[in-house]
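Dear colleague,

I am passing on the structure that we spoke about, and below it I have set out what was found when going through it. Please read the notes with the structure open beside you.

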Amino acid sequence: MHVWANTNFLPVCLLALGGLFTTPVFASEFSAQIKNASLEKQDDWYMLDADVEYVLSPAAKEAIESSIPLVWHLKIQLKQVRYFHDKTVINLNYDYKIRYRALLNNYSVTNLNSKSEKKYPSLSEALDSLSHIRELKVIPVSALKKNKLYEAGIKLEFDKEQLPAPLRPTAYFDSEWNLSSDWYLWQLKK
Amino acid sequence: MAIKKIKPPINLFILLLFGLILLSLQLMSSATQEFSHLNEIYPQLLVINSVSIVLLLILVGFNAYTLIRHTRRKEAGSRLTARMVSLFVLLALAPATLVFYFSVQFLHKNIDSWFNVEIDRAMEDALELSQVSLEQRMRWHLTQTEQLSHSLLDLPESQAAVELDFIRESSGALEMALFSSQEHIIAFSSINPADIVPKQPDVHVWMQLKQDKNYIALDTLPDDTMVIRVVIIIPEVEPKYLQVLYKVPIRIADLADSIEFASQRYKEMRFLRNSLKISFSLTLSLVLLLSLLAAIWVAFISIRNIVAPVKELVKGTKAVATGDYEQQLPVMSQDDLGFLVESFNQMTQRIAQSRDEAKLASFEVEEQRSYLESILANVTAGVMSFEADFSIRTTNQAAYRILNCQDGCFVGKSLSLLADEFPALADLFSSMQNLIEQADDIWQQRVAFLGANGRQELLCRGAPLFSQEDERVGAVVIFDDLTALIQAQKNAAWGEVARRLAHEIKNPLTPIQLAAERLQHKLAKELEPASADMLQRSTRTIVQQVEAMKRMVDDFAEYARPSKKQVEHLDLQNLVQDLLLLYNNSNTQISFVSDFTDGAGMVYADPVSIRQVLHNLLKNAQEAMEDGGLIEIKLSQVQKNNADYVELGIYDHGSGINAEQIETIFDPYMTTKPRGTGLGLAIVKKIIEEHGGLIWIDSSYTEGAGFIIQLPLA
């Protein structure tokens, strides 16, 4: 489980160096976008439905074509809204890896949590498979208190740390590698 | 000597820091290798190294700023430090930059050389070859599967499982499964008895099958085993689908895997080519920057340590230059600089010692000089020393006192100049100059001159002064005022004469007078009138002459007798006024003008003697002006030789005194008058001198005779 503040540790550290290299850009035209997201009650569980649009930059596409695996983390967080400090109820992390298999000439999407792998003949199909999140179990209904306000949020975070080391210094400051989405937040009441 | 603990220029902390920096750089260098486990901490290492650079930059910047500030303030040793640091930076920077430039060039060219068209094509060809090889195998398996499927054609579902087992075994396939058109499993056979469900085809496979196209593709099992998945349509009324998984031979799979891995790796590296360049350059830059900055920082510390003794030396030298010889510098090292510092300490010690000795010597000389000066100041003889050019170098107080001049007015002046300045002393100075100019040895001479206070006689002794090289460097003259001594001798002689006269002459006078009177008394009656008349005249003459001789003897007695009988506080002004009253009444032809300074005439004297003095002088003046005239009397107070005197001046308008007479006028038997014993002025002088005063003729007064009397103020 991660805490929000730790997510951008390194870029912040590098930023603190006082712009030794170039000015970093966090949101860019290549960031993934969460079109919509909702938590629906089904039986005893709240299920996540979400639509995400991946916009891969030319550099990212070239990296995939060059057999460099790209990893995204789907972060799901639910907080109980309180006066002073919000209480985190749940913090989930789903990790996905996309890579190109040259011999098989296909794109494999691996769910790193369940280790399940699916293959797609094209990149768009592979990304498409990640774009539609349906009925993802998030939290039992019983875990939420009645009449309390909750704030749900999801974010798709591109993991630059999984990139090869030589690429990483560039990736920290190059907008082409800012593939993470912003937090998509909405409120929820049981 | 304070030898401090000798410190190495680089301490343990700096060594440790250098070790850490090196370790960090080494780790970063290793982290750039793809398969290094340090790969994960690459960014952290990057941050650590960057932070180190910033810290070192701050340290170096701070040091440089401090150095610049010190140099501007011109602090000791700062310029040497600046020069050494600049030299070091220049020496370190130039080769490092060259190495860096060529390293980067080499690195870039080396990385570029990894990739070229031939290798690109070879890699692609290799991949294609393996794909083609696998495709052939796949096609063969497709044909095999199609043949196998004939035995399943129109076979009841109940027998399908048995038939499937049979054909799977005969074909050597890993797994066979028969699906209905609704994608339900009809029959299933696997080489692994533990498998109870087939590895289902995914959506894409079904989509292809629904388009009446057989499916064949390479696939991997969850255990990464490479398999060939073949799904064919069994054309029946209700079509069925047969899925067969063939195992790719291990050798072929391994080869394909190897080719795929190599190809992927090559592609990855080609993609990362620029990133690698940047990354390596970055690492190299960090290494260069870190080592340079660390070296510069250590250079600052080391140079500061090296320069510290020099700095101390500069401070010490400055202190010595300002006269502080107590500086003892700490010896911080045992090298040449330490030796220098030690020598400096010894030098300052010796200088301080010499200075103390010189000070002591100069103090002793000064003491000796002041001792001599005080002796000279207190001797009664006047001492004058002369430079080689006969200008006066020193003169003691007695000399000024004897010559009646203000203290210090002779110093630095030549005798000829002084002769012009003091006309009264001109004779003395000119004869003195002649003597010291001509004398080659010790000389002695009596010099008489007419000074402001009358005639003075000095006994001068002189000697030329020679340097060690026998060069004439000046002269010294010592003189004593013999005036008083000579006068005293004269007075004593005259006193003796007077006493003898009184004793030897006065005693027989009375019998002579009596005898003469008796002769006349006895013989007058017996002689003839003519003889009696002669006798009478003779005896009268005898008696008169005896009377005269008696008076003369009395005068001498008076002269010989001490005059200072009953001294008391006396106001000279009143005394003069009383006397003038008497004279004014007695003679109308002579008028008196008096000029008195009020309260100036208090003396401690015998009033009778002083009255006699005034009387004698006034009588003299009166006698000098038989036709009448004016007598001026002045009474004032003067200061001479740090003592106060009452000065009384008596000026007549008579015939005056000749220049020849001036010197002897006060001697006994000196008279210009037809009548008189010649003792009047001698007595006056004797009385005045017995009262500690002075009398002399005012030679500047030319309208008659001018007498000036000085008596000590009471």
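**A salt bridge in helix α18 of chain B**

At 10% relative accessibility, Lys686(B) counts as buried, because the limit for that class is under 20% relative accessible area. Its partner Glu690(B), at 30% relative accessibility, counts as partly exposed. The two side chains meet in a salt bridge, with 3.3 Å from N to O, and because Lys686(B) and Glu690(B) are 4 residues apart in helix α18 (residues 680–690) of chain B, about one helical turn separates them. Elsewhere, salt bridges with shared partners join Glu117(A), Lys119(A), Asp219(B) and Arg229(B) into one network. Please keep in mind throughout that this is a predicted model.

**Other salt bridges**

Over all chains the count comes to 29 salt bridges, and two further pairs in chain B may be worth going through in turn. One of them joins Glu268(B) to Arg265(B), where the closest N and O atoms are 3.6 Å apart. Both residues belong to helix α7 (residues 250–271) of chain B, in which they stand 3 residues apart, about one turn of the helix, and both Glu268(B) and Arg265(B) are buried.

The other pair is Arg461(B) with Asp480(B), whose closest N and O atoms are 3.7 Å apart. This salt bridge links distant parts of the chain, since Arg461(B) lies in strand β9 (residues 454–466) of chain B and Asp480(B) in strand β10 (residues 472–481) of chain B, 19 residues apart. Arg461(B) is partly exposed, with a relative accessible area of 33%, and Asp480(B), at 22% relative accessibility, also counts as partly exposed.

**Domains and distances in chain B**

The domain assignment divides chain B into domain 1 (12–116 + 271–319), domain 2 (127–265), domain 3 (379–481), domain 4 (488–560) and domain 5 (568–712). Taken over C-alpha atoms, the centres of domain 1 of chain B and domain 4 of chain B are separated by 135 Å. A separation between single residues can be set beside this: the C-alpha atoms of Leu245(B) and Ala377(B), which are 132 residues apart along the chain, lie 142 Å from each other. Leu245(B) belongs to strand β5 (residues 240–247) of chain B, where this leucine is buried, with a relative accessible area of 2%.

**Surface patches**

On chain B, Asp223(B), Asp224(B), Asp254(B) and Asp257(B) form a negative surface patch. Within that group, Asp224(B) is found in the loop between β3 (215–220) and β4 (226–234) of chain B, and with a relative accessible area of 58% it is exposed.

A patch of positive charge is found on the surface of chain A, where Arg82(A), Lys87(A), Lys145(A) and Lys148(A) gather. Lys87(A) lies in strand β4 (residues 87–101) of chain A and, at 37% relative accessibility, counts as partly exposed.

There is also a nonpolar surface patch, made up of Leu16(B), Leu20(B) and Leu23(B), which together have about 320 Å² of accessible area. Leu23(B) has its place in helix α1 (residues 12–31) of chain B, and this residue is partly exposed, with a relative accessible area of 48%.

**Chain A as a whole**

Chain A has 4 helices and 9 strands, which follow the pattern α-β-β-α-β-β-β-β-α-β-β-α-β when read along the sequence. Of its 190 residues, 52% count as buried.

**Two residues with positive phi**

Asn147(A) has a phi near 60°, which is a positive value in a residue other than glycine. This asparagine is found in the loop between β7 (132–140) and β8 (149–158) of chain A and, at 63% relative accessibility, counts as exposed. In chain B, Phe390(B) likewise has a positive phi as a residue other than glycine, here near 65°. Phe390(B) is found in the loop between β6 (382–386) and β7 (392–395) of chain B, but this phenylalanine is buried, with a relative accessible area of 17%.

With best regards

Note on methods: Residues numbered from 1 in each chain as written. Chains lettered and ligands numbered in written order. Predicted model: local features only at pLDDT ≥ 70, side-chain atom pairs only at ≥ 80, totals over all residues. Heavy atoms only, no water. Domains from an automatic or database assignment. Patch = residues over 30% accessible without salt bridge, like charges linked within 9 Å, V, L, I, M, F, W, Y side chains within 5 Å. Areas by Shrake-Rupley, 256 points an atom, 1.4 Å probe, with all protein chains shown as cover. Salt bridge = Lys/Arg side-chain N within 4 Å of Asp/Glu carboxyl O. Lys, Arg positive; Asp, Glu negative; His and termini not counted. Charge placed at Lys NZ, Arg CZ, Asp CG, Glu CD. Buried < 20%, exposed > 50% of the residue type's maximum accessible area, 1.4 Å probe, protein only.
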